[in-house]
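Me: Could you walk me through this fold at the level of helices, cores and single side chains? I would like short answers that show their reasoning.

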Amino acid sequence: MTTTERVRFTDLLAAEWIKIRSLRSTPWILGVVVLTVLTAAGFAAYGDYQNYPRYSAQARRDHVWSLGDAFPAAGWLTLMLAAGSVGAIVAVSEYSSGLIRTTTVAVPARRQVVLAKAAVTALLWTAVGLVCALGSFALSQSILSGRDAAVSLGDVGSLRAVAASALLAPVCALIGLGLGVLVRHSATTMVGTAFTLLMLPTFFHSPRPWVERIDHVMVQSAWQRLVTLYGWGPEPYGGQTTAGAWTVFAVWPLAAVALALVVVRRRDV
């Protein structure tokens, strides 16, 4: 019986969980991310709570901004950067420390190792994303309830926004993981992840239709489409649809992991 046959995928999952848990930076990063997201939501909601008496009658009646207070860009862009960076570290740390040689000797099936890394990373960041999404929604709406301007999960767009925000974290983490396997250099991978997730979309903010179409395939833009009610009429602006946004959420991480699976078999360690 070969080594590959003896190693079960569940054993690989357990090993990858131990690796990511043993990184001293992991609990600190997760704690800071959750705190940042909740703080940003609290400040956004409190700002609208204070300014509420000065809003127009229509704004106070519709309060479409209430949902946006749960998902302010300041907090969630931080989450995107952190998730992408940790996803990259999961892959790059083994190459920089040389542990990858031990890993490949123990498990020659490199694709299984990458899949185990992807599964553990996705599960971890889905849990973090869910805590952030539900926590920021609950905190912001509890503040706005003092003005009778809160929305519930049953209101239009709320559940979709919470789900999209919860999934934003694993999407970004898997993109970082894919770049980490591809680049295998810590600094370059971090810069590449930050550029792809946060900076690249800014190049495509333009009223030109062809530029808008490119913008719509960016993760950041897709997330904003899914969490925002204000500004979206019956006809999707520039062709952006919720179905298209969900497709972007699915394609990016799948493409990143698929690229990692191809690359990992073609390179020496």
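What follows is a set of questions and answers about this structure.

Me: Happy to start with the ground rules: what kind of model is this?
Reply: Residues are numbered from 1 along each chain as its sequence is written, and side-chain values use heavy atoms, with hydrogens and water left out. Local features need pLDDT of at least 70, side-chain atom pairs count only at pLDDT 80 or more, and totals for chains, interfaces and linings use all residues, since this is a predicted model.

Me: How many helices and how many strands does the protein chain have?
Reply: Helices (H or I, at least four residues) and strands (E, at least two) are taken as DSSP runs, numbered from the N terminus. Read along the sequence, the pattern is α-α-α-α-α-α-α-α-α-α-α-α-α. The tally is 13 helices and zero strands.

Me: What share of the protein chain counts as buried?
Reply: Buried means under 20% relative accessible area, exposed means over 50%, and partly exposed lies in between (1.4 Å probe, protein chains only). Applied to the 269 residues of the protein chain, this gives a buried share of 43%.

Me: What percentage of the contacts with a separation of 6 or more joins residues 24 or more positions apart?
Reply: A contact here means heavy atoms within 4.5 Å. Among contacts in the protein chain with a separation of 6 or more, the share from residues 24 or more positions apart is 80%.

Me: How far does helix α3 reach from its first C-alpha to its last?
Reply: Helix α3 covers residues 25-51, which is 27 residues. The expected span is 1.5 Å times one less than the number of residues. For α3 that expectation is 39 Å, and the helix comes close to it, reaching 39 Å.

Me: Which element gives the most residues to the largest nonpolar core?
Reply: A nonpolar core is a set of buried Ala, Val, Leu, Ile, Met, Phe, Trp, Tyr and Cys residues joined through side-chain atoms within 4.5 Å. The largest one has 53 residues, and Phe-71, Trp-76, Trp-125, Leu-168 and Phe-249 touch the most other members. Elements giving two or more residues to this core include α3, α6 (73-97), α8 (110-144) and α13 (242-266). The top contributor, with 13 residues, is α9.

Me: Which residues does Leu-168 touch, not counting residues up to four places away in sequence?
Reply: Leu-168 is one of the core residues that touch the most other members. Its partners beyond four places in sequence are Trp-76, Leu-79, Met-80, Val-219, Trp-223 and Phe-249.

Me: Is Ser-136 buried or exposed?
Reply: Ser-136 sits in helix α8, and a polar atom of its side chain lies 3.2 Å from the backbone oxygen of Ala-133. Beyond its neighbours within four places in sequence, Ser-136 is in contact with Val-37, Leu-38, Ala-41, Ala-70, Phe-71 and Trp-76. With a relative accessibility of 0%, Ser-136 counts as buried.

Me: What separates the C-alpha atoms of Ala-119 and Leu-13?
Reply: Ala-119 is also found in a helix, α8, and is partly exposed at 26% relative accessible area. Ala-119 and Leu-13 are 106 residues apart along the chain, yet their C-alpha atoms are separated by 7.5 Å.

Me: Why is α12 largely enclosed by the rest of the structure?
Reply: One residue of α12 is Ser-221, which touches Asp-215, His-216 and Gln-240, not counting residues up to four places away in sequence. Ser-221 is buried at 7% relative accessible area, and the buried residues of α12 also include Trp-223 and Arg-225. The helix is largely enclosed because its buried residues number eight of the nine.

Me: How many disulfides are there?
Reply: A disulfide is a covalent bond between the sulfur atoms of two cysteines. The rule used here asks for a pair of cysteine sulfur atoms within 2.5 Å. Cys-132 is buried at 0% relative accessibility, and Cys-172 is buried at 0% too. The disulfide count by this rule is zero.

Me: In what way are Tyr-46 and Tyr-49 arranged as an aromatic pair?
Reply: Rings of Phe, Tyr and Trp (its six-membered ring) pair if their centres lie within 6.5 Å; planes under 30 degrees apart count as stacked, over 60 as edge-to-face and the rest as tilted. Both tyrosines lie in helix α3, three residues apart, about one turn of the helix. Tyr-46 is partly exposed at 44% relative accessible area, as is Tyr-49 at 24%. With 6.2 Å centre to centre and 15 degrees between the planes, the pair Tyr-46 and Tyr-49 is stacked.

Terms used: A polar contact is a pair of N or O atoms within 3.5 Å; within protein, one must be able to donate a hydrogen and the other to accept it, and residues adjacent in sequence count only if both atoms are side-chain atoms.
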